[in-house]
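This report walks through selected local environments, strand pairings and nonpolar packing in one protein chain with a bound ligand. Please read it alongside the sequence and coordinates shown here.

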Amino acid sequence: MLGLYLHIPFCSAICNYCNFNRGLYDADLKTRYVEALIAEIGRSRAAVDGPAGPAPADTIYFGGGTPSLLEPEEIGRIVAACRSVFEVPVDAEVTMEANPETVTVGRLAGYRDAGVNRVSFGVQSFREDELRRLSRLHGAARARDALADARRAGFDNVSLDLMMWLPAQSVGDWLESVDAAIGIAPDHVSLYLLEIYPNAPLKDDMARARWSQAPDEDAETMYLAAMERLEAAGLEQYEISNVARSGRRSRHNLKYWTDGDWLGFGCGAHSTRDGVRWKNVSSTDDYVRRIRETEPTGVDVRVLSPEERLGDALFTGLRLNDGVDLRIVGERYGIDVWGRYGSALERFVDAGWLVHEPSRLRLTRKGMLLAHDVMAVFV
Ligand code: SF4
C-alpha cells in the first residue's frame with residue numbers, strides 16, 4: 001500500500017542548524033497553503049485510481065516544518081481529502097510531527113479527533129543549555145509535559161526525536177537526555193546525529209562561543225550506549241537510528257526502508273511510485289501559485305533504471321536490523337544479489353560488520369556505525 005506524506009513548511013522561528021524546507025509562519029500564506037494542499041491531493045485522483053478503484057494507502061504522515069502550527073480543523077480537512085481520494089483503512093497510521101511548545105491537551109485532543117493517531121515530538125534534548133544552543137523554543141520541562149499532554153489526550157503511540165553529537169555535548173550530557181526520554185516512556189524514539197551544514201548560523205555561534213563537537217570516538221560511544229539503554233528499557237532497535245516498543249515501529253518510515261511506494265504532497269515533497277521518482281517545487285509561494293493556476297508542481301521527474309532500483313532497495317534495506325531478504329530482492333529484480341556483490345562484501349563480513357545468512361544480509365551494530373562504507377558497494 002502507498003504511504004502519503006504531507007509537507008507543512010511553517011515554523012514559529014528558524015532553528016540555527018535547520019536545513020529543511022521551511023519558512024516563518026504566516027497566517028495568510030498558511031490558509032492558502034492548506035487549500036493548495038487539499039487541491040493537490042484531489043488532483044492526484046486521476047493519476048492514482050486504478051482499474052480496481054482508488055489506490056490503497058495505509059499511512060499518512062504530516063512532516064515539516066512544524067505541522068502542529070496547523071489548526072486541528074485544518075489537519076482534519078487534509079486527512080479527509082486523503083480519505084476521499086485514496087482507500088485508507090480504518091487502522092491506517094496517521095502521524096503528525098509536533099514541536100512541544102505548540103501543543104496543549106486541548107489541541108492534541110483536537111488532532112486526535114481529526115484522525116491523527118501517532119504524534120512525533122521534536123524534543124532534541126532534555127538539557128536546557130543544549131536546547132538554548134540549538135535555539136529551540138521549548139525547554140526540557142515543556143518537552144516532558146508535551147508527552148504527558150499527548151497521553152491525556154488519548155494517544156497511545158508517541159514518538160520523540162533526540163539529537164546527539166551536539167556542540168559542547170559530552171557523553172554524559174547525551175546520556176542524561178537518553179535517560180530522561182526513557183523516564184517519560186515514549187513508544188518510539190528516533191536518534192539523529194547533528195549535521196552542521198556549511199552556512200548554518202550554528203556554525204558561527206559555535207565559532208564565537210568556542211563550542212566544539214566531541215571526538216568521533218565519543219560519538220560512537222554515544223550511539224552504542226544509547227542503544228543499550230533504550231533496549232534495556234524495552235525500546236527495541238529496528239533501524240539504524242530508530243527504536244520502538246513492540247507494535248510501535250513507524251509504519252510510514254518503513255515504506256522508505258522496504259522498497260515501498262509513497263506520494264508526497266506540498267512544497268518540496270518527494271514521491272516514488274513504480275520506479276518513478278519526483279519532487280515538488282520547493283518554494284511555498286511558487287507551489288501555491290502553481291496549484292492555483294493548475295500548473296504541474298512536480299519537477300526533477302526521474303525514471304529509475306532497474307540498476308538504481310536494486311541499489312536503492314539494498315541501500316535502504318540494510319538500514320533495518322532485519323536487513324535485506326535476499327530471496328525477495330533477488331526475485332523482484334531477477335538477480336542473485338550475493339553472486340553479484342558477494343566479492344565486494346566479503347571483507348565486511350570478515351571484519352564483523354556484516355552478517356551473510358543463506359537468504360539474508362544484515363549489518364551488525366558495529367557495522368551500523370560504518371554503514372556508509374558498506375552501502376557504497378550498492379550505489
Ligand atoms: S522547528 Fe524543525 S523544521 Fe522548524 S526550523 Fe526548527 S528544526 Fe527546522
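## Buried serines

Serine 44 lies in the loop that links α1 (27-43) to α2 (45-48). The model is a predicted one, and in it serine 44 has a relative accessible area of 12%, so it counts as buried. Not counting residues up to four places away in sequence, serine 44 touches Val85, Phe86 and Phe265. For the pair serine 44 and valine 85, which are 41 residues apart along the chain, the C-alpha atoms are separated by 7.8 Å.

Serine 68 is likewise placed in a loop, here the one between β4 (57-64) and α3 (72-85), and with a relative accessible area of 1% this residue is buried. The side chain of serine 68 reaches the backbone nitrogen of asparagine 99 at 3.2 Å. Beyond residues up to four places away in sequence, serine 68 touches Met96, Glu97, Ala98, Asn99, Thr102, Val103, Arg107 and Tyr111, so that Asn99 appears both as a polar partner and in this list of touching residues.

Serine 177, by contrast in setting, belongs to helix α7 (residues 171-183), and its relative accessibility of 1% makes it count as buried. A polar atom of the side chain of serine 177 lies 2.9 Å from the backbone nitrogen of phenylalanine 126. With neighbours within four places in sequence left aside, serine 177 is in contact with Ser125, Phe126, Arg127, Glu130 and Leu162.

The buried residues discussed by name, with tyrosine 223 from a later section, are collected here.

| Residue | Location | Relative accessibility |
|---|---|---|
| Serine 44 | loop between α1 and α2 | 12% |
| Serine 68 | loop between β4 and α3 | 1% |
| Serine 177 | helix α7 | 1% |
| Tyrosine 223 | helix α9 | 7% |

## Strand pairing

Strand β1 (residues 2-8) has 7 of its 7 residues buried and is therefore largely enclosed by the rest of the structure. The covering extends to both faces, since Leu2, Leu4, Leu6 and Ile8 on one side and Gly3, Tyr5 and His7 on the other are all buried. β1 pairs with β4 in the parallel sense over 7 bridges, and within that pairing the bridge partner of leucine 4 is isoleucine 60. β1 also pairs in the parallel sense with strand β11 (residues 262-265), over 4 bridges, where glycine 3 has tryptophan 262 as its bridge partner.

Elsewhere in the chain, an open sheet of 3 strands follows the order β15-β17-β16 with antiparallel pairing. At its edges stand β15 (324-325) and β16 (354-357), each with a single partner strand, so one side of each is left without a neighbour in the sheet. β16 is joined to strand β17 (residues 360-363) by 4 bridges, the two running antiparallel, and leucine 354 stands opposite leucine 363 in β17.

## Nonpolar cores

The largest nonpolar core has 99 residues, and those with the most contacts inside it are Phe62, Phe86, Phe121, Leu160 and Leu162. Helix α9 (residues 216-232) supplies the largest share of this core, 7 residues. A second core, separate from that one, has 9 residues and includes Cys18, Leu166, Leu194 and Leu202.

Leucine 160, when its neighbours within four places in sequence are left aside, is in contact with Phe121, Val123, Phe126, Leu147, Ala181, Ile184, Pro186, His188, Val189 and Ser190.

Tyrosine 223 has its place in helix α9 and, at 7% relative accessibility, counts as buried. Leaving aside neighbours within four places in sequence, tyrosine 223 is in contact with Met164, Gln237, Ile240, Arg365, Met368 and Leu369. Tyrosine 223 and glutamate 295, which are 72 residues apart in sequence, lie 46 Å apart in space, C-alpha to C-alpha.

## Ligand shell

Which residues surround the ligand? The ligand is surrounded by Cys11, Ala13, Ile14, Cys15, Tyr17, Cys18, Phe20, Gly65, Thr66, Asn99 and Arg136. By class, the residues of this shell divide into 7 nonpolar, 3 polar and 1 charged. Two shell members recur above: Cys18 is included in the second core, and the backbone nitrogen of Asn99 is reached by the side chain of serine 68.

Terms used
Residues are numbered from 1 along each chain as its sequence is written. This is a predicted model: local features need pLDDT of at least 70, side-chain atom pairs count only at pLDDT 80 or more; totals for chains, interfaces and linings use all residues. Side-chain values use heavy atoms; hydrogens and water are left out. A residue is near a molecule or strand if one of its heavy atoms lies within 4 Å of it. Ala, Val, Leu, Ile, Met, Phe, Trp, Tyr, Cys and Pro count as nonpolar, Asp, Glu, Lys and Arg as charged, and the others, Gly among them, as polar. A nonpolar core is a set of buried Ala, Val, Leu, Ile, Met, Phe, Trp, Tyr and Cys residues joined through side-chain atoms within 4.5 Å. Buried means under 20% relative accessible area, exposed over 50%, partly exposed in between (1.4 Å probe, protein chains only). Contact means heavy atoms within 4.5 Å. A polar contact is a pair of N or O atoms within 3.5 Å; within protein, one must be able to donate a hydrogen and the other to accept it, and residues adjacent in sequence count only if both atoms are side-chain atoms. Two strands pair if DSSP finds at least two bridges between them.
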